[in-house]
Amino acid sequence: MSELDVTQHLGVRGWAGVIGGGSVQSALDQSRLYGGLVAGAHARLNQTFSMGGLAGLVQSSNTALSGSETLATSTGVAGLYGRAAFGVADIDFSLLGGAAAHHSARQVVANNTVETATGLFSSVFVAPGFGISVPVLSSDLGEIRLVTTGNYVGGLVSAYTETGSSMNLVVGSQTIGVVDARIGIEIDRPAAEGDAVTLTAKAGLLAQDNFGSASVPVTTFGSTLTVATPGGSAFGAYGGLKLDAALGNGLRLGAQLDGALRTDGVLSESAKFSLAGAF
């Protein structure tokens, strides 16, 4: 990620970022690539509150089964974010929303012929979130904080009908509803004098509930079936390590590793890298 300060006037600070990344799930033979541009501005309203807004556009591509199934998505995002610093605790909050257009394509075998079925559909979402950070210990070696976060994602995926295939597949609409709550500790080791590196470690417990559509109607060859969709609750533990290094001349390099293990058997791992500069 690169960041550019474009405005700083009367307490207002503008920024822009280029994001990109990807993921691979070898067990399911799935891969995902994404990239986009996000820009916004924020301002300190007083000694306690700061507030900002953002907007962006992201393109993504998902493939599965050695490329025989693809999904291309264009997503527009807008939102508000802010922080309230009360001394004894900091509260972060955000409200994001967006809409996406999807184009799917997959190869199917019907009547001993390989056909390409395509579909067009859309989706919308809203995602409020908050975090509370309470410092519990501070020394020359760093700071320990108790952190609690809560996030919700809700939305709707529209129904669609595939074309280009004799199967005449029709998929009904689905609702999205996911709640993620976490509590844990964060330990900061700030950069010492002459040291350009800051380290942050975190660990804690999480709970997640997926209460979107429990099923979706699927019609093919004139017959309609009700297909169950993933859902339910899960608990688990998470941990992570973040590094921030000053490279000089206004440039900063960041790296972050995160992982989580849930009671439903899901193990997730992620790595993020960033390069930011102020001009």
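Biologist: I'm starting at V126, which is found in strand β8, residues 113-139. What makes a stretch a strand here?

Modeller: Strands are DSSP runs of E with at least two residues, while helices are runs of H or I with at least four, and both are numbered from the N terminus. One thing early on: this is a predicted model, where local features need pLDDT of at least 70 and side-chain atom pairs count only at pLDDT 80 or more, while totals for chains, interfaces and linings use all residues. Residues are numbered from 1 along each chain as its sequence is written, and side-chain values use heavy atoms, with hydrogens and water left out.

Biologist: Is V126 buried, exposed or partly exposed, and how do you know?

Modeller: Its relative accessible area is 37%. Buried means under 20%, exposed means over 50%, and partly exposed is in between (1.4 Å probe, protein chains only), so V126 counts as partly exposed.

Biologist: Which nonpolar residues form a surface patch with V126?

Modeller: L45, F49, M51, L80, F86, V88 and L95 join V126 there, with about 740 Å² of accessible area together. That area comes from the Shrake-Rupley method with a 1.4 Å probe, and for residues only the protein chains shown count as cover.

Biologist: What makes a group of residues a patch?

Modeller: Members need over 30% relative accessible area and no salt bridge; nonpolar side chains (Val, Leu, Ile, Met, Phe, Trp, Tyr) are joined within 5 Å, and like charges within 9 Å. V126, at 37%, is over that 30% limit.

Biologist: Why are R106 and E162 called a salt bridge?

Modeller: The term asks for a side-chain nitrogen of Lys or Arg within 4 Å of a carboxyl oxygen of Asp or Glu. For R106 and E162 the N to O distance is 2.8 Å, so the pair qualifies. R106 lies in strand β7 (residues 90-110) and E162 in the loop between β10 and β11, so the pair ties together parts that are 56 residues apart in sequence. Both R106 and E162 are buried.

Biologist: How many salt bridges does the whole structure have?

Modeller: A search finds nine. One of them joins D258 and K202, with the closest N and O atoms 3.3 Å apart. D258 sits in strand β17 (residues 251-262) and K202 in strand β13 (residues 197-210), 56 residues apart. Side chains of opposite charge can pair when their charged atoms come close.

Biologist: Are D258 and K202 buried or partly exposed, and how do you know?

Modeller: D258 has 18% relative accessibility, so D258 counts as buried. K202 comes out at 29%, so K202 is partly exposed.

Biologist: What makes β3 and β4 a pair?

Modeller: Two strands pair if DSSP finds at least two bridges between them. Strand β3 (residues 12-25) and strand β4 (residues 30-44) have 14, in the antiparallel sense, and G22 stands opposite L33 in β4. β4 is also joined antiparallel to strand β5 (residues 49-64) by 15 bridges, with a hairpin of four residues leading from β4 to β5.

Biologist: How do you know that β11 and β14 pair?

Modeller: Strand β11 (residues 170-171) and strand β14 (residues 215-220) share two antiparallel bridges, so they meet the cut-off. Both belong to an open sheet of four strands in the order β10-β11-β14-β15.

Biologist: Why are β10 and β15 edge strands?

Modeller: β10 (160-161) and β15 (223-228) each have a single partner strand, so one side of each is left without a neighbour in the sheet.
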